[in-house]
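The exercises below are meant to be worked through with the sequence and the 3D view side by side. Try each task before reading its solution.

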Amino acid sequence: MTIPRTGDRSNERVVAVLGPTNTGKTHLAIERMLAHGSGMIGLPLRLLAREVYDKVVKAKGARAAALITGEEKIVPDSARYFICTVEAMSLEKQVDFLAVDEVQLAADPDRGHIFTDRLMRARGASETMLLGADTMRPVIRRLAPHAEIIRRERFSTLRYNGVTKITKLPKRTAIVAFSAEEVYAIAELIRRQRGGAAVVMGALSPRTRNAQVALYQSGEVDFLVATDAIGMGLNMDVDHVAFASRAKFDGRRNRVLRPDEVAQIAGRAGRFRDDGTFGETGECPPFDAETVMRVEGHDFETLVAVEWRSPDLDFASVDKLIASLETPPHQPGLVRVRGAIDELALRRVAQEPDVLDRVRRPADVRRLWEVCQTPDFRKATADEHARLLTEFARHLIGGKQRLPQDWIHKEIGRLDRIDGDLDALQARLAHIRTWTYAANRPDWIDDCEGWRVRAQEVENRLSDALHGVLTQRFIDRRTSALVRSLKRDDILLAGVTEEGEVTVEGHYVGRLHGLVFKPDPRAGGREAQAVRNAAFRALRPEVTRRLRAIAQGEDALFRLDANACIEADGAAVARLATGGSLFAPRVTMLGGDTGDESMLAAAKTRIERWLAETVERDLGVLVRLQAAIEARALSGAARGLAFQLIEAGGALDRRGAAETVAVLDSADRKTLAAHGVRVGRHSVFMPALLKQRAARLHAILRSAQTGDPAALFLPPPGAQSTPIDAALSWTSYAAAGFRPAGPRAVRLDAAERLAGVCAAARASGADFALDPAMAAVIGCPARDIEGVLAALGYKRVREGDAETGAASRWRPAGAARPRAARAGPASQDNAFGALAGLVAPRKAGGS
């Protein structure tokens, strides 16, 4: 309709519905509009226009609704309800009902003059509704004196909740920051600690914002990180709004939020009858008491003036247009807008000589003004924006008055790429929105519909790609799926592959090693908790099955590894317990607590029974010796020696036990021999414990008993000696069937064979010549044999002579030179013949 700019309007019905957020103002306006035969509503954001359009389509059908924004036009011929951005509202369209939402934006330094213009001039034939904050009451009284003002109270309570750490924020929280860097940093932190967050910023396209909001609304994530873009009508189920900052850049300067701005954002918390809370988080300083009081009480300073620009523009020339834009307001309460982007662009573009030369008629001036009103979607510098508009003006004023097809094709094609990171996609999306805007101007572009579809397709692809990158970066879809699954009561679908990979609801969550579930190490914070909870609920049947297999398993299923762990089918399922009896060891289960409790107990009993049977089989001689001690079946001397033997790890140095050995009578020796004890030249030991399987078991049991894994000594299979490790004790070596001997640890029976060789070598004298072949008896380098002999108690009585080749000579400690004559050649041959026969070590019996 044509709206008169002056005259009596006393018969018009103008209603101003004022109040805080969550008072149902927009919902009321939609209902009132649909009650009329036709209507128009102006909204502050393209996103909100799309949301309201969808509601009208649902109520009245697609043929009855039109969507008109700078970047999108859906206008059926039969349309009766026009949903627009405030800038796109047509003042010439005759409608019964007209509404303008968020009229308090009339005070905004960038767009305020447009809201003021609609407030003053846009009217419905039957009813006009102005929606906004109560701070607009004095302004509306002045600019629309006949308006009926209705105060709407908030349906729910908004309460201040103080400071909360980001990691402690409750679910269904929106965290608000005022820069992309802050938003990204907070979203990254929440992903690590709480599983993920949706992201909403004004720079996102409506398609991307809707997709992100849908993630939050669906419950896939419980947190939303946003700029103050959420303060304008985005309807979400938010219980708490946490401010990460109190200051924002308003396009001109950094400043602290006003109380009414805090309320506009905080008011997103609580919907309809549900109460909401707000507070601070991160490094945001606390709100002062006055701000909190004003926000909770919805009590704010009223506006006394709004931005204004003259609607009566003179297109006779560029200079006259600029002068008309500078026209001062004609009544109190209006402040002429300064620094509007379109005005600044006009002044810059008009300075280009080739553009100014093309402007010859009022129609050209009007065309130039339309070009300069192109929004700066790219948020570029003033000069960059002016350069693009200058290029537009060169093509649209004079000549064909159309943007060249090849230029449009090149520019849109350059943006039709979905590779790159978040910043690259956002930059392309901002650029394509400029071409989406241009493609909706049929007077600018030939084949307008074709280019509109092309630009929209590219915007949609970029929007979807940006949504994907945001989701990938700030949301773990696996964790989100698991969290949703955990909220259900039905049984989770879980599986374990042959390799032990565990999946829950089709998502990989970790591995099952034996009875222990190891979560995916990439999961952290709330994600790790979700993975554990999902796996523990889902793995019970599989773990119970494994426990049953252990409880019913044959002996061949089990093995004791060097780490004192019992393996079942190759996976560690239990560990030897520290302390306790060497001969009746106990175990601690590794995992299994997610399975059936009774089956876990049965599995433990089976493992301990296998272990006891293994000890009886491989260490039977030691077990029986211990039983004989306890039953006092041995005499005093024999019993004392047996006790020392067991305490020392199954072997004694003969010299250390000399006094006890000396008092043994023949009966004691026979009794000890019957129990498997051998009193050798250098050691007292039990040959049956030298078998490889017995020695390994004995060494592991001793190490587990002390609880010191570093005390374990396991020699290489078949070794007769190894280099000595000074950190290991006599007991560590003895348990494995070895003994320390200077630079080497020598197997007990090998040390006895060496003693036999030495005895044979000195058969005809008190000492013997050292032969390098002696080293082969114990499998050690020739350079170590002297150190071994010295450690075993032999003494060197004569040094070797390198010049003559004479070997050094040795004798056992305490041995005296015999009175017989020195052995002749035949005796020497016999001695060395005996040595040659003893050089090759004999293998210990058994496995």
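**Exercise 1. Find how far helix H15 (residues 422-439) reaches from its first C-alpha to its last, and decide whether H15 is largely enclosed.**

Solution. Bear in mind throughout that the model is predicted. Begin with the length: H15 has 18 residues, and from first C-alpha to last the helix reaches 26 Å, which is close to the 26 Å expected at 1.5 Å a residue. Next, turn to burial, where a residue must be under 20% relative accessible area to count. Because 14 of the 18 residues of H15 are buried, the helix is largely enclosed by the rest of the structure. Finally, look at the start of H15, where a side-chain oxygen of Asp421 comes to within 3.4 Å of the backbone nitrogen of Asp423.

**Exercise 2. Locate Asp447 and Asp569, and work out whether each is buried or exposed.**

Solution. First place Asp447, which lies in the loop between H15 and helix H16 (448-474). Its phi is positive, about 50°, although Asp447 is not a glycine. Since exposed means over 50% relative accessible area, Asp447 counts as exposed at 52% relative accessibility. Then place Asp569, found in the loop between strand E24 (565-568) and strand E25 (571-576). Here too a residue other than glycine has a positive phi, with a value near 55°. At 67% relative accessibility, Asp569 counts as exposed.

**Exercise 3. Determine how many cavities of 30 Å³ or more there are, and which residues line the largest cavity.**

Solution. Rolling a probe the size of a water molecule over the atoms shows where empty space is left. The count comes to one cavity of 30 Å³ or more, and the largest cavity has a volume of about 60 Å³. Reading off its lining gives Leu576, Ala577, Gly579, Gly580, Ser581, Leu582, Pro585, Leu701, Ala704 and Gln705. Sorted by character, these lining residues divide into six nonpolar, four polar and no charged. The last step is to ask which element gives the largest share of the lining, and this is helix H24 (residues 692-706), with three residues.

**Exercise 4. Check the span of H24 and find what its buried residues pack against.**

Solution. At 1.5 Å a residue, the 15 residues of H24 should span 21 Å, and the end C-alpha atoms are 22 Å apart, which agrees. The buried residues of H24 include Ala694, Leu697, His698, Leu701, Arg702 and Ala704. Among the elements that the buried residues of H24 pack against are strand E23 (558-560), E25, helix H19 (597-618) and helix H20 (620-630). Just beyond the helix, H24 is followed by Gly707, whose phi is positive, near 75°.

**Exercise 5. Describe the surroundings of Ser808, and decide whether Ser808 counts as buried or exposed.**

Solution. Start from the position of Ser808, in the loop between strand E34 (794-798) and strand E35 (809-812). Its relative accessibility is 6%, so Ser808 counts as buried. Now look at the side chains, where a polar contact of 3.0 Å joins Ser808 and Trp810. Leaving aside neighbours within four places in sequence, Ser808 is in contact with residues including Phe768, Leu770, Glu786 and Arg796. To set this in context, buried residues make up 51% of the 847 residues in the protein chain, a chain with 29 helices and 35 strands.

Conventions:
Residues are numbered from 1 along each chain as its sequence is written. This is a predicted model: local features need pLDDT of at least 70, side-chain atom pairs count only at pLDDT 80 or more; totals for chains, interfaces and linings use all residues. Side-chain values use heavy atoms; hydrogens and water are left out. Helices (H or I, at least four residues) and strands (E, at least two) are DSSP runs, numbered from the N terminus. The expected span of a helix is 1.5 Å times one less than its number of residues. Buried means under 20% relative accessible area, exposed over 50%, partly exposed in between (1.4 Å probe, protein chains only). A polar contact is a pair of N or O atoms within 3.5 Å; within protein, one must be able to donate a hydrogen and the other to accept it, and residues adjacent in sequence count only if both atoms are side-chain atoms. On a 1 Å grid over the protein atoms alone, a cavity is a set of points where a 1.4 Å probe fits but cannot get out, and a pocket is an open set with protein on both sides within 12 Å along at least five of seven lines; lining residues have an atom within 4 Å of a point. Grid points are joined across faces, edges and corners, and a volume is the space filled by probe spheres set on the points. Ala, Val, Leu, Ile, Met, Phe, Trp, Tyr, Cys and Pro count as nonpolar, Asp, Glu, Lys and Arg as charged, and the others, Gly among them, as polar. Contact means heavy atoms within 4.5 Å.
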